[in-house]
Structure formats: structure tokens, C-alpha cells
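Here is a short briefing to read alongside the model. Keep the viewer open as you go, and look up each residue as it comes up.

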Amino acid sequence: MTQPPTPQPQAEAAQPPAPPQVQAAESPPPTTPGKASQSGTVQPKHPERERFIVAISLVVIFLAGLIIAIIWLPVLPKKLEYSVERASIMGYNLTSDSRLSGNFTFVVRANNPNKAGFSFYYDKIDATASYRNQDLFSASNIIPPFYQPRRNGTTLNLNLAARDYKVVNESLAKELRMERGIGGSNLGLKIRAKMRLKLGVLKVIHRTLKVSCGPLKLPFSPFSRVLCDADIGE
């Protein structure tokens, strides 16, 4: 008996190819101005604005300095003016063994020429007589403390006494004897004062005043006015 033919498997229907998948490109993360991105590039941070701020700041600083200079320059303290108006010697004696005695009087004028509120408190004044730039004898607290207002001239009577003072340098003693014989002695006067500077309501600025006068031709002969050099320091 003839068997029926075996049925052949049918080919599956062809499926259409799947469309290619397109992967979306990742966008870079947002960067903050002025900070570096992931690629290392530094993003600019408004350079025009920064330059403008710097320029404005410089102009403000310049104008502030100019205003301060305009206000301050007229009130800068002027140098104090000192002069020896008169000087004399009483009881002068220099012995053969170089011992000096005498009363030395100096009338000093202290002038404060400042107009803009600068005044001074003199707390302590010392004076020294010198000869050939060498100190001889001195007096501490030679006058009481005083106050000197602005635009004021004050007369100081300084009396220095030498009592059996030993002139150690023999060459100086010899010159002093020679000057005594010609009617006068060329002495110098040094003043040192502790003072406070007052500007308006402020009077906390402590200073030291140094005044140097001379040489002074002390009579035995007529005396001529001598200007001094005054300096205020720390």
C-alpha cells in the first residue's frame, strides 16, 4: 500500500529587520561661571564687570586721599620757634685747678606759631650748659610745667648754677680762662622737654622736645639775640 507523502515544513515568514537604535548623546553638565568644566576649560566670569569695579575702586581711593590731603595740609603743625633773648653771668669764677662757679641766666622765648588748634603741655623741662659741644652742668625741672596755647609766645627764665664744677678737660678749662680775659664766654644751651601735643580735644600724643642754642656770647659784653634749633621727636 502506498503511504501518503510526508508534508514538508513550511519556511517561516521573513521578519523585517529591526531599525537601528540611535543612542542619544549625553549633554555636558552645566558649568558654573568662573569654574572649570569637566573638560578642564575655565569659563570666564564677567571680565568687563570686574575691570569696571576695579577702576571705580581706584577712583574712590584716589578721591578719598585727595580730600584727606586738602583737609590735613592746612593744619600740619609748624615747627616751634625758640630764641635766647638775653643771657648773663653772675659770680663767674674759674680756679687754677679748673673748678667753675657762677650763676648763668638765659631768657628764652618759646613761640608756638600754629593757628589750627595745635597747643602743647610742657610736663618737664631740663636745661644743660655746654661748651664746645661738651656738656658742663645741668638743671632738672628748671621751671614748673605750663600750658602753651596756639599762636602764643611764652618767656622762660632759665637759671643754671655751677657750684665748684670740675672742668675735667684741661684744654676746655684753658679756653674758658682765655675767653674770660676777653670779656665773655661762648657757651651753648640745650633744652629737653617732655610734652604732650594737643589737637582740638585730643591731648594724648606724647613727644620729646629738643632745643639747641648757641654758641652764646654771655656778657661780660653786650648780648645779641640768638635763634635756636628746635625739634620734636618720639
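## A first look

At 17% relative accessibility, Thr 128 counts as buried (under 20% relative accessible area; exposed is over 50%, and partly exposed lies in between, with a 1.4 Å probe and protein chains only). Thr 128 belongs to strand 3, where strands (E, at least two residues) and helices (H or I, at least four) are DSSP runs numbered from the N terminus.

This is a predicted model, in which local features need pLDDT of at least 70 and side-chain atom pairs count only at pLDDT 80 or more, while totals for chains, interfaces and linings use all residues. Residues are numbered from 1 along each chain as its sequence is written, and side-chain values use heavy atoms, leaving out hydrogens and water.

**The chain as a whole**

- Two helices and nine strands make up the elements of the chain, and from the N terminus they follow the order α-β-β-β-β-β-β-α-β-β-β.
- The chain has 234 residues, of which 29% are buried.
- Taking contacts (heavy atoms within 4.5 Å) between residues at least 6 apart in sequence, 68% join residues at least 24 apart.
- About 16200 Å² of the chain is exposed, with carbon and sulfur atoms supplying 58% of it; accessible areas come from the Shrake-Rupley method with a 1.4 Å probe, and for residues only the protein chains shown count as cover.

**The nonpolar core**

- The largest nonpolar core has 48 residues; such a core is a set of buried Ala, Val, Leu, Ile, Met, Phe, Trp, Tyr and Cys residues joined through side-chain atoms within 4.5 Å.
- Strand 3 (residues 118–131) gives the most to this core, contributing seven residues.
- The residues with the most contacts inside the core include Tyr 82, Phe 104, Tyr 122 and Leu 160.
- Beyond its neighbours within four places in sequence, Leu 160 touches Phe 104, Phe 106, Thr 128, Phe 137 and Ile 142, among others.
- Thr 128 has contacts of its own past that four-place window, among them Asp 135, Phe 137, Leu 160 and Leu 189.

**Strand 3, strand 4 and their turn**

- Strand 3 pairs with strand 4 (residues 134–139) in the antiparallel sense over five bridges; two strands count as paired if DSSP finds at least two bridges between them.
- One place to see this pairing is Ser 130, whose bridge partner in strand 4 is Asp 135.
- Two residues lie between the strands of this hairpin, and Arg 132 there takes a positive phi near 55°.
- Asn 133 sits in the loop between these two strands and is exposed, with a relative accessible area of 74%.
- The C-alpha atom of Asn 133 is 7.5 Å from that of Gly 188, although the two are 55 residues apart along the chain.

**Strands 1, 2, 6 and 9**

- Eleven bridges hold the antiparallel pair of strand 1 (residues 81–94) and strand 2 (residues 99–112).
- Four residues separate the two strands in their hairpin, where Ser 98 in the turn has a positive phi of about 65°.
- Strand 2 also runs antiparallel to strand 6 (residues 152–166), joined by 13 bridges, with Ala 110 opposite Thr 154.
- Strand 1 and strand 9 (residues 226–233) are antiparallel and share two bridges.
- Val 84 stands opposite Val 108 in strand 2 and also opposite Val 226 in strand 9.

**Salt bridges**

- A salt bridge here is a side-chain nitrogen of Lys or Arg within 4 Å of a carboxyl oxygen of Asp or Glu, and by this rule there are seven.
- Asp 229 bridges to Lys 79, with the closest N and O atoms 3.1 Å apart.
- That pair links distant parts of the chain, 150 residues apart: Asp 229 in strand 9 and Lys 79 in the loop between helix 1 and strand 1.
- Arg 132 and Glu 175 meet in another salt bridge at 2.8 Å, N to O.
- This second pair spans 43 residues, from Arg 132 in the loop between strand 3 and strand 4 to Glu 175 in helix 2 (residues 170–181).
- Salt bridges with shared partners join Arg 132, Glu 175 and Glu 179 into one network.
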